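Biologist: Could you take me on a close tour of a single part of this model, the open sheet and what packs around it? I'd enjoy a connected account rather than a list.

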Amino acid sequence: MLSAPAGPVDVAVVGAGPIGLAVAWRCAARGMRVVVHDPAPGSGASAVAAGMLSPVAEAYFGERELTGLLVESAARWPAFAAELTEASGTDLGYRTEGTLVVGLTGDDLAEAGRLWAYQQELGLPVTPLRPTELRGREPALAPGVRGGALAATDHQVDPRLLVPALRTAARRAGAVLVPAAVRRLSDVDATVTVVAAGCGTAPLTGLPVRPVKGQILRLRAPGGVAPGFRHVIRGYADGESVYLVPRADGEVVLGATVEERTDTTVTAGAVLRLLRAGVDLLPELAEYDLVEAVAGLRPGTPDNAPILGPLPDRPDVLAATGHHRHGIVLTPVTADLIADLVTTGVPDPLLAPFGAERFASTGSGHHRAEEETWT
């Protein structure tokens, strides 16, 4: 076990998921003394996440500012992936084939079409496709699929490769990982503390970050070959919304539920719904091996957007949390913005819509909440 350096450090990061590790890497690479505190690095939402980088397909009604941040971060991903691969010597499973959004029935297509129209209004690159065009790109799609669209700039990465790569890069840059829990922020001896604790944020800060349960399945193509499709598939199947993410090693990630629950139990009903929808869209999945069924907890906020920047009454404590479904795609921009803020003390304008002060009425309780433990 590594221990924290004696005396105060420049930056203490609480949480060693992708966000916390990326912040630590960026800060350490700028010459700061950085310590990362986490009793179980990489065991949070990222251990379950599919790794879709989907600023277009994830652009939803009423979330324009969040969509802008997603687009900005996705644009940084190619350079971020190349730099991280070089710094860590690790493949990230970063793939750029794009995403197909499909509707199985007429009603599914109509539902998807309303969202595409909104996305096109925002100027996002989404291209509707006829059924024959869809199957020309992915012949494995079910013959009955009624139509779809291509989001060519929506890519993917493998979070289970990303987190170890970030740990290596942060360590090589000089960051120190302390595998222990932070019980109170007052126990941390640092000039600046960055709270990137995901669902553990609320006990430490009082910020309204709640767990949102998601169940997900992992399948594997028989014979160890690559899956029979290349694009990420996001589909609507008889009203059920699912995604399918192919990996080069034969894995397919099929997900995910969104449940206002705090348990991590895998339920038969969720497995049934996900498998039924997945097989309806890609019939060959019925012959794949089912290798994992798992549930995790996303760190959600009241407006589904992350909390980035200083606590209202603690300028030395920066939040980098509450990313909900978007933690992987938002990793580069979050790390850059927080590292810039630590370095200069001047917030980038991109941070303005995502400050903790928008929840000021709930944030004042963080002193009391510090008495609890993040584990």
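Modeller: Ala 12 has Val 35 of strand 2 standing opposite, and that is a good place to start in this predicted model. The two strands involved here, strand 1 (residues 9-14) and strand 2 (residues 34-37), run parallel and are joined over four bridges. Both belong to an open sheet of six strands with mixed pairing, and the order across it is 8-2-1-9-16-15. At the edges you will find strand 8 (176-178) and strand 15 (307-311); each has a single partner strand, so one side of each is left without a neighbour in the sheet. Going from one strand to the next, the twist averages 20°.

Now let's move along the order to strand 16 (314-321). Its pairing with strand 9 is parallel and covers three bridges, with Leu 318 in strand 16 as the bridge partner of Val 194. Its pairing with strand 15 is antiparallel and covers five bridges. Leu 318 turns up here too, as the bridge partner of Pro 310. Strand 15 and strand 16 make a hairpin, with two residues between them. How enclosed is strand 16 by the rest of the structure? Six of its eight residues are buried, so strand 16 is largely enclosed.

A helix also packs here. Helix 8 (residues 331-344) lies across strand 1, strand 9 (190-195), strand 15 and strand 16, and its direction makes an angle of about 170° with strand 16.

Since you may like ring geometry, let's look at the aromatic residues of the model as well. A pair of aromatic rings is described by the distance of the centres and the angle of the planes. The count for this model comes to four aromatic pairs. In one of them, the ring centres of Phe 61 and Tyr 118 are 4.8 Å apart and the planes meet at 45°, so this pair is tilted. Phe 61 sits in the loop between strand 3 (52-53) and helix 2 (64-88), while Tyr 118 is in helix 3 (residues 106-121), so the pair ties together parts that are 57 residues apart in sequence. The two rings belong to residues with contrasting surroundings: Phe 61 is exposed, at a relative accessible area of 51%, whereas Tyr 118 is buried, at 7%.

Another pair is Trp 77 with Tyr 94, which is stacked, with 6.0 Å centre to centre and 15° between the planes. Trp 77 is part of helix 2 and Tyr 94 is in the loop between helix 2 and strand 4 (99-103), so this contact ties together parts 17 residues apart in sequence. Trp 77 is buried, with a relative accessibility of 1%, and Tyr 94 is partly exposed, with a relative accessible area of 23%. Trp 77 and Tyr 94 also share one aromatic cluster with Trp 25 and Phe 80. Trp 25 has a charged companion as well: the charged end of Arg 26 sits over its ring, 4.6 Å from the centre.

Finally, a word on the cysteines. The count of disulfides comes to zero. Cys 27 is buried, with a relative accessible area of 0%, while Cys 199 is partly exposed, at 25% relative accessibility.

Key:
Residues are numbered from 1 along each chain as its sequence is written. This is a predicted model: local features need pLDDT of at least 70, side-chain atom pairs count only at pLDDT 80 or more; totals for chains, interfaces and linings use all residues. Side-chain values use heavy atoms; hydrogens and water are left out. A disulfide is a pair of cysteine sulfur atoms within 2.5 Å. Buried means under 20% relative accessible area, exposed over 50%, partly exposed in between (1.4 Å probe, protein chains only). Two strands pair if DSSP finds at least two bridges between them. Axes are lines fitted to C-alpha atoms, for helices over the stretch in contact, and angles run from 0 to 180 degrees between N-to-C directions. Contact means heavy atoms within 4.5 Å. Rings of Phe, Tyr and Trp (its six-membered ring) pair if their centres lie within 6.5 Å; planes under 30 degrees apart count as stacked, over 60 as edge-to-face and the rest as tilted. A charge sits over a ring if NZ of Lys or CZ of Arg is within 6 Å of the ring centre and within 35 degrees of the ring normal.
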